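Student: I would like a close look at a single part of this protein. Please take me through the sheet and what packs around it.

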Amino acid sequence: MTTFLDLHIPGTPLLMPNPWDAGSAKLLASLGLEALATTSSGFAATLGRLDGSVTRDEAIEHAAAIVAATELPVSADLENGFADDAAGVAETVRLALGAGLAGCSIEDWSGDAIYEPEHAAERVAAAAEVAHGGDVHLVLTARAENHIHDRDDLADTIARLQSFQESGADVLYAPGLTKLDDIRQVVSSVDVPVNVLALPGAPPVSELAQAGVARISIGGGFAYVAMGAVVEAARELREEGTYGFWGTASVGAKAWRDAQR
């Protein structure tokens, strides 16, 4: 039996897009993907909010809805575990297991600042103890948030990821890295699979594969693609008075009908 962790093969990246609701999860599952992940920013947008404003209960309920929508393994973006202390993070992971998730990610960002290295590692260790302590091995992804919060310190990022590996993380993730040499350095510095966030300017999948990356996610990218299409359609309707947006809409409508088969 192939597990979620088995899908993480360095050099053959698992492409793991991020649906923002049950419908987008079903649609993506119909397109041949092997796994999905929630997106905190995309989900927050469906509630009319910005990223970082979702509660733990809302995030877990949302994750459970995505799990119920598809048979694919689902990993949840659980931000900082919705707690500063290790015990609170552990409780969040317990709830993640109860939601039927195959994996989850925990950040070292408090919402205001990066946690001190020792405390960040303690939080990962507490999460790992719960994630790996039962009958289900929840794949724990530990995130070093330096580069997505304008803290350009690769040496510190690598040291953090190494400590997260030692604390029991299954997958490591430093969102914000886009330079191939930096990504190679991260991959070569650790012994567990590495996830890369496909941001604008990031290397293509083929180059990330050659660098040994094991998983690629897109965060809120697809959610914002959908919003962008709505913006363009609304502008066309309001400013041009035409209906060219039905070309894109027909593609979506057919894909949705096909997804129900």
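In what order do the eight strands of the open sheet run, and is the pairing parallel or antiparallel?

Tutor: This is a predicted model. The order is β1-β8-β7-β6-β5-β4-β3-β2, and the pairing is parallel. Two strands sit at the edges: β1 (14–16) and β2 (36–37). Each of them pairs on one side only.

Start at the β2 end. β2 pairs with β3 (residues 74–77) in the parallel sense, over two bridges. Leu 36 has Val 74 of β3 as its bridge partner. Now look at β3 itself. Side chains in a regular strand alternate between the two faces of the sheet. In β3, Val 74 and Ala 76 lie on one side, with Ser 75 and Asp 77 on the other. All four are buried, and both faces of β3 are covered. Next comes β4 (residues 103–107), which pairs with β3 over three bridges, again in the parallel sense. Here Ala 76 is matched with Cys 104 of β4.

The loop after β3 deserves a stop. Most residues other than glycine have a negative phi. Two residues here go against that pattern. Glu 79 lies in the loop between β3 and α4 (86–98). Its phi is positive, about 50 degrees, although Glu 79 is not a glycine. Phe 82 belongs to the loop between β3 and α4 too. Its phi is near 55 degrees, also positive in a residue other than glycine. Their accessibility falls on either side of the 20% cut-off for buried. Glu 79 counts as buried because its relative accessibility is 11%. Phe 82 has a relative accessible area of 21%, so Phe 82 is partly exposed.

Stay with this loop and look at what reaches it from a helix. Arg 123 lies in helix α5. Arg 123 is charged, yet its relative accessibility is 1%, so it counts as buried. Beyond its sequence neighbours within four places, Arg 123 is in contact with residues including Asn 80, Gly 81, Ala 83 and Asp 84. Ile 106, Glu 107 and Asp 108 are also among its contacts. One polar approach can be picked out: a polar atom of the Arg 123 side chain lies 3.1 Å from the backbone oxygen of Asp 84. The chain also folds back here. Arg 123 and Ala 90 are 33 residues apart along the chain, but their C-alpha atoms are separated by 7.8 Å.

Helix α5 (residues 117–131) also packs against α6, at an angle of about 35 degrees and with the axes 9 Å apart. Their crossing is right-handed. From α5, the contact uses Pro 117, Ala 120, Ala 121 and Val 124. From α6, it uses Arg 160, Ser 163 and Phe 164. By class, that makes five nonpolar residues, one polar and one charged.

Back to the sheet, at β5. Thr 141 is found in this strand. Its relative accessibility is 0%, so Thr 141 counts as buried. Its side chain makes a polar contact of 3.1 Å with the side chain of Arg 215. Leaving out residues up to four places away in sequence, Thr 141 touches Cys 104, Ser 105, Ile 106, Val 171, Tyr 173 and Arg 215. Cys 104 is the bridge partner of Ala 76 in β3.

Move on to β6 and β7. They pair in the parallel sense over two bridges. Tyr 173 stands opposite Asn 195 in β7. Strand β7 (residues 194–197) sends Val 194 and Val 196 one way, and Asn 195 and Leu 197 the other way. All of these are buried.

Finish at β8 (residues 215–217), where Ser 217 is found. Ser 217 counts as buried because its relative accessibility is 4%. A polar contact of 3.5 Å joins its side chain to that of Tyr 173. Apart from residues up to four places away in sequence, Ser 217 touches Asn 195, Val 196, Leu 197 and Ala 198, among others. Met 16 and Asn 18 are also among the residues it touches. Tyr 173 thus ties this part of the tour together: it is touched by Thr 141, and its side chain makes the polar contact with Ser 217.

How values were computed. Residues numbered from 1 in each chain as written. Predicted model: local features only at pLDDT ≥ 70, side-chain atom pairs only at ≥ 80, totals over all residues. Heavy atoms only, no water. Pairing = 2+ DSSP bridges. Axes fitted to C-alpha atoms, helices over the stretch in contact; angles between N-to-C directions. Left-handed = near helix turned anticlockwise from the far one by under 90°. Contact = heavy atoms within 4.5 Å. Buried < 20%, exposed > 50% of the residue type's maximum accessible area, 1.4 Å probe, protein only. Polar contact = N/O pair within 3.5 Å; in protein donor to acceptor, adjacent residues only side chain to side chain.
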